[in-house]
Amino acid sequence: MLLQIVSALGVVFAAVIACSAYFYFSNKILDMALPVKDGDIRAASRNLNRRALVRPWLFIGPALFLLVVYLVYPVVATFILSFYDRAGLQFVGLANYKWALGDREFRQSIFNNILWLAVVPAACTFFGLVIAVMTDRIWWGNIAKSIVFMPMAISFVGASVIWKFIYEYRGGNDVQIGLLNAIVQTFGGTPEVWISIPFWNNFFLMIILIWIQTGFAMVILSAALRGIPEETIEAAVIDGANGWQIFWRIMVPQIWGSIAVVWTTITILVLKVFDIVLTMTNGQWQTMVLANLMFDWMFRGGGDSGRSAVIAIIIMLAVTPIMVWNVRRANRELKGH
């Protein structure tokens with residue numbers, strides 16, 4: 001364990017030193033390549049302008065290079081691969097896309113993803129907003145926020161293991177160690193294998209992601225609420241508005257941009273949800289989602305590059321409009337300011 005920690009710290013330190021050295025020496029080389037001499041004012045002015053044009057590219061150049069290598073190239077390669085067979089050697093045209101449209105498991109994954117999209121972003125945003133409003137009114141609000149935010153520090157796999165114990169089922173006359181089954185049994189109910197119940201098991205898995213992401217929504221919306229001018233709330237109180245009216249007609253409209261950011265961020269996360277389903281059910285009992293189906297086809301029967309590429313392209317097509325809308329909305333807000 002100590003060796004891993006030391007290695008991680010060493011990598012972080014080396015990366016910081018390497019970045020600092022790159023920016024320092026690249027700027028020195030630029031200054032040497034385009035010198036500013038006192039004797040020739042026209043040449044000095046020209047070189048200063050050239051420096052101003054080149055210097056920003058020195059900073060964003062590495063990021064653009066990594067963006068092309070690790071994002072643009074994989075997207076293009078995946079799109080091309082979607083037209084080839086399982087080995088990625090023989091061109092098969094639209095055969096993989098036809099398979100996707102006719103495959104029952106693929107349609108089930110689409111349905112499950114839509115179900116996740118309908119529930120998780122709305123639930124996270126709602127609970128985050130409610131908690132943000134309520135904790136601003138109590139003296140121990142910061143303690144409550146810290147507790148709600150704590151699951152954000154846990155990985156999806158770690159959170160899934162925790163909730164697996166909550167949903168745990170023991171057959172026969174064994175004592176139920178799962179919290180949910182223990183509660184059900186205490187009130188005279190029958191213990192169930194909750195994560196194996198078709199359709200409803202999706203909601204049991206969604207609870208895990210809601211538990212993790214509510215803290216994120218709470219922090220963003222709490223900061224937005226603090227940015228509401230007190231004068232508007234005081235004016236509403238003077239005009240006779242009650243708490244419910246103040247919340248819906250004063251607070252929510254003023255933080256709508258932050259609500260949209262939280263909603264779209266969690267929506268993109270939901271489209272990529274993978275770890276929770278893999279850890280809890282591995283896609284069994286009709287819980288498969290697109291990301292898990294893509295992973296499954298990457299290795300099923302030795303792997304199928306074409307079919308997994310098709311699923312990846314569909315995920316990217318689903319994410320892209322949300323990202324474009326988010327960027328355009330952010331640009332409109334910046335122009336508005």
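## Residue S109 and its surroundings

Leaving aside its neighbours within four places in sequence, S109 is in contact with four residues: M288, V289, L290 and L293. S109 itself belongs to helix α4, which spans residues 104-135. Its relative accessible area is 0%, and S109 is therefore classed as buried, a term that applies under 20%.

The model described here is a predicted one. V289, one of the residues in contact with S109, also serves as a reference point for L278. The C-alpha atoms of L278 and V289 lie 9.6 Å apart in space, while the two residues are 11 places apart in sequence.

## Confidence of the prediction

Over the chain, the average pLDDT is 82, and 96% of the residues reach a score of at least 70. Among the elements of the chain, the highest mean pLDDT, 88, is that of helix α8. The lowest mean, 77, belongs to helix α14, which covers residues 305-336. As a general caution, predicted coordinates should not be read in detail where pLDDT is low.

## Salt bridges between helices α1 and α2

The structure contains 2 salt bridges. In general, side chains of opposite charge can pair when their charged atoms come close. One salt bridge joins the side chains of R51 and D31, with a distance of 3.4 Å from N to O. R51 is located in helix α2 (residues 41-81) and D31 in helix α1 (residues 2-33), so this pair ties together parts that are 20 residues apart in sequence.

R55 also forms a salt bridge with D31, and here the closest N and O atoms are 3.2 Å apart. Because R55 lies in helix α2 and D31 in helix α1, the pair connects parts separated by 24 residues in sequence. D31, R51 and R55 are thus named together as a network of salt bridges.

The members of this network can also be described by their accessibility. R51 is buried, at 14% relative accessibility. D31 is partly exposed, with a value of 28%, and R55 is likewise partly exposed, with a value of 23%. Setting aside residues up to four places away in sequence, R51 touches L30, D31, L34, P35, V36 and P56. The salt-bridge partner D31 is therefore among the residues that R51 touches, contact being defined as heavy atoms within 4.5 Å.

## Aromatic pairs and a cluster

Across the whole structure, a search identifies 18 aromatic pairs. One of them is formed by Y22 and F23, whose rings are arranged edge-to-face, with 5.1 Å from centre to centre and 65 degrees between the planes. Y22 is partly exposed at 34% relative accessibility, and F23 is partly exposed at 28%.

A further edge-to-face pair is made by F274 and F295, at 5.1 Å centre to centre and with 65 degrees between the planes. F274 lies in the loop between α11 (256-271) and α12 (275-280), whereas F295 lies in helix α13 (residues 290-299), so the pair ties together parts that are 21 residues apart in sequence. The relative accessible area of F295 is 33%, and this residue is partly exposed. Elsewhere, F79, F83, Y84, F91 and Y97 form one aromatic cluster.

## Residue L278 in helix α12

L278 is found in helix α12. Its relative accessibility of 29% places L278 among partly exposed residues. Not counting residues up to four places away in sequence, L278 touches N292 and F295. F295 is also the partner of F274 in the edge-to-face pair described above.

## Packing of helices α5 and α8

Helix α5 (residues 141-149) packs against helix α8 (residues 200-226) at an angle of about 145 degrees, and their axes are 8 Å apart. From α5, the contact involves N142, K145, V148 and F149. From α8, the contributing residues are T214, G215, F216, M218, V219, S222 and R226.

Sorted by character, the residues of this contact comprise 5 nonpolar, 4 polar and 2 charged. Helix α8, which takes part in this packing, is also the element with the highest mean pLDDT in the chain.

Terms used
Residues numbered from 1 in each chain as written. Predicted model: local features only at pLDDT ≥ 70, side-chain atom pairs only at ≥ 80, totals over all residues. Heavy atoms only, no water. Phe/Tyr/Trp six-rings, centres within 6.5 Å; stacked < 30°, edge-to-face > 60°. Buried < 20%, exposed > 50% of the residue type's maximum accessible area, 1.4 Å probe, protein only. Helix = DSSP H or I, 4+ residues; strand = E, 2+ residues; numbered from the N terminus. Axes fitted to C-alpha atoms, helices over the stretch in contact; angles between N-to-C directions. Nonpolar A, V, L, I, M, F, W, Y, C, P; charged D, E, K, R; others polar. Salt bridge = Lys/Arg side-chain N within 4 Å of Asp/Glu carboxyl O. pLDDT = per-residue confidence, 0-100.
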